[in-house]
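The following report describes a single protein chain, moving from its interior to individual residues and then to the confidence of the model.

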Amino acid sequence: NSNPLNEGDYEIIPVKSLDEVVNRFSETENKGDYFLVRVKAPVVDSAEAKITVEAPLADSLVQAQAPLAQPPPFVKKTGERKEELSSLPQNESISAASPVAMPTSSSSGSAIVAPIDQDDIHYLKENAQVLLKAGEIDLARNIYRAILKSGEASDVAYAGLALCADRDGMVEQAIQLAWDSVAFAPNQLGYQILSQLLVQQGRDQEAASALARAIKHLKIPNEAKADYYKMMGNCYSRLGQNEEAEQAYLKALELNPMSDEVQSNLGSLFLEQGKMVEAKRCYQDAIASNQENDKAWVGLGLCYVSESDKEQAHDAFEKALHLNLRNSTAIFHLVKCAYEIKQYASAELILSKYVEVAPVSPSLLYSLAGLQFHVGKKREALLTAKRILQIKADHSGASELVSRLESES
């Protein structure tokens, strides 16, 4: 049926919850039925200066008496409803609302979407976000297409469509839609999506350029701008563009001097260049801002190693592992330092825990067996050596250790 939906062809049915909407989807037998729900957020009662939440209500359920040639982009046909709809949250941004804009007829006789005002766009966007969170990608995409067709807030629509494409695994399409979003109107969400997708694809040069454009065109708080500079620094660092990376990190620190992550990243940049004094200062500043930054403790430990201060290095690596047991760089250097300074106990305890939670190699297990032997845990050392032989039967060191320990028992 190619007839458009005209006034009088539909019925408005107020309902009290989204559960009731879902039930109507399930109970209807007319495959030509369409339903449109308007959902609004709680409103602020300015007179009482507090937020008041009315009883949850999706107050416009529209039932068409005849099928459309094409459903409006934000309307879901009954026969195509996904079961996950019933699991949508009932308390997210739901309160009393007035009817939404309805499809009207055009001169060509096809169904079109009526103009949508800014309030409608806000609530449609909120609904789309809830649907995305619930995994209803197609429904969310329909809402964003409705916003796009309205001619209002196209930047929002393109950004939302980029999120949908990314969730569907269409990364290149998502990147193009994110570019469309920021080309239509520079916006923070569009640039965030774009830069993150480009970084994930290893396109660091493009990501850095997009972030530079965002900083130039957006009016954002200093903390957010500092994050953009940090991401730029990370991109340049991966590209080996050390000077550009350093400048980006320094600009980030001008905007957010207490960022331990930026200080740590800058320290790593200096460390790679052999600038040990500068690296050590950055790691110490990072730890001063955040004592629980395990990466900064590892970096500081590496600085101590370069100074041949193995005791301090050992302690720094130990601290890092107490914060993050899975830090593989820290475990490697802790064991190495332990053997060099002949302090085995702490490293043995930590490495024993590490091999139970992280992937290990025969060489790392052999280090553990050696530590266990040195602290007098010969039974444990024997079990570890046999574990090595189960993985690598021709491991000569493990075979010799097993023979020695079995002969002593």
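In this predicted model, the largest nonpolar core has 88 residues, and those with the most contacts inside it are Tyr144, Ile147, Tyr228 and Leu351. Helix 8 (residues 222-239) supplies the largest share of this core, namely 7 residues. A second core, separate from that one, has 7 residues and includes Ala369, Ala385, Leu401 and Leu405. In soluble globular proteins, nonpolar side chains tend to be buried together.

As for the chain as a whole, 18 helices and 8 strands are found in it, and 45% of its 409 residues count as buried. The area that the chain exposes is about 20900 Å², of which carbon and sulfur atoms supply 48%. Among contacts between residues at least 6 apart in sequence, 57% join residues at least 24 apart.

Several of the residues named above can be followed into their surroundings. Leaving aside neighbours within four places in sequence, Ile147 is in contact with Ile121, Leu124, Lys125, Glu152, Ala153 and Ala157. One of these partners, Ala153, is found in the loop between helix 3 (137-150) and helix 4 (154-167), and its relative accessible area of 18% is under the 20% limit, so Ala153 counts as buried. The phi of Ala153 is near 55°, a positive value in a residue other than glycine. Ser308 likewise has a positive phi, of about 65°, although it is not a glycine. Ser308 is placed in the loop between helix 12 (294-306) and helix 13, and with a relative accessible area of 58% this residue is exposed.

Tyr228 leads to another part of the interior, being in contact with Leu211. Leu211 has its place in helix 7 (residues 204-217) and counts as buried at 1% relative accessibility. Beyond neighbours within four places in sequence, the contacts of Leu211 are Ser195, Tyr228, Met231 and Met232. Leu211 and Lys230 are 19 residues apart in sequence, while their C-alpha atoms are 9.9 Å apart in space. Ser195, which lies in helix 6 (residues 188-200), is buried at 2% relative accessibility and touches Ala207, Leu211 and Met231 when residues up to four places away in sequence are not counted. A polar atom of the side chain of Ser195 lies 3.2 Å from the backbone oxygen of Gln192.

Leu351 belongs to helix 15 (residues 345-357), in which Ser346, Ala347, Glu348, Ile350, Leu351, Tyr354 and Val355 are buried. Against which helices do the buried residues of helix 15 pack? Their packing partners are helix 13 (310-323), helix 14 (328-341), helix 16 (362-374) and helix 17 (378-391).

Two of these partners, helix 13 and helix 14, are linked by a loop that holds Asn327. Asn327 counts as buried at 11% relative accessibility, and its side chain is joined to that of Asp294 by a polar contact of 2.9 Å. Apart from neighbours within four places in sequence, Asn327 is in contact with Asp294, Val298 and Leu321.

A search of the whole structure finds 1 aromatic pair. The ring centres of Tyr339 and Tyr344 are 5.8 Å apart and the ring planes stand at 70°, which is over the 60 degrees required, so the pair is edge-to-face. Tyr339 is partly exposed at 28% relative accessibility, whereas Tyr344 is buried at 15%.

The relative accessibility of several residues discussed above is collected here.

| Residue | Relative accessibility | Class |
|---|---|---|
| Leu211 | 1% | buried |
| Ser195 | 2% | buried |
| Asn327 | 11% | buried |
| Tyr344 | 15% | buried |
| Tyr339 | 28% | partly exposed |
| Ser308 | 58% | exposed |

Confidence should be kept in view when reading the model. The chain averages a pLDDT of 79, and 71% of the residues score at least 70. Over residues 1-5 the pLDDT is below 50, and this stretch has 19 contacts in the model beyond near neighbours in sequence. Over residues 40-114 the pLDDT stays under 50 as well, and the model has 181 contacts for this stretch beyond four places in sequence.

Technical notes. Residues are numbered from 1 along each chain as its sequence is written. This is a predicted model: local features need pLDDT of at least 70, side-chain atom pairs count only at pLDDT 80 or more; totals for chains, interfaces and linings use all residues. Side-chain values use heavy atoms; hydrogens and water are left out. Rings of Phe, Tyr and Trp (its six-membered ring) pair if their centres lie within 6.5 Å; planes under 30 degrees apart count as stacked, over 60 as edge-to-face and the rest as tilted. Buried means under 20% relative accessible area, exposed over 50%, partly exposed in between (1.4 Å probe, protein chains only). Helices (H or I, at least four residues) and strands (E, at least two) are DSSP runs, numbered from the N terminus. Contact means heavy atoms within 4.5 Å. Accessible areas come from the Shrake-Rupley method with a 1.4 Å probe; for residues, only the protein chains shown count as cover. A polar contact is a pair of N or O atoms within 3.5 Å; within protein, one must be able to donate a hydrogen and the other to accept it, and residues adjacent in sequence count only if both atoms are side-chain atoms. pLDDT is the predictor's confidence in each residue, from 0 to 100. A nonpolar core is a set of buried Ala, Val, Leu, Ile, Met, Phe, Trp, Tyr and Cys residues joined through side-chain atoms within 4.5 Å.
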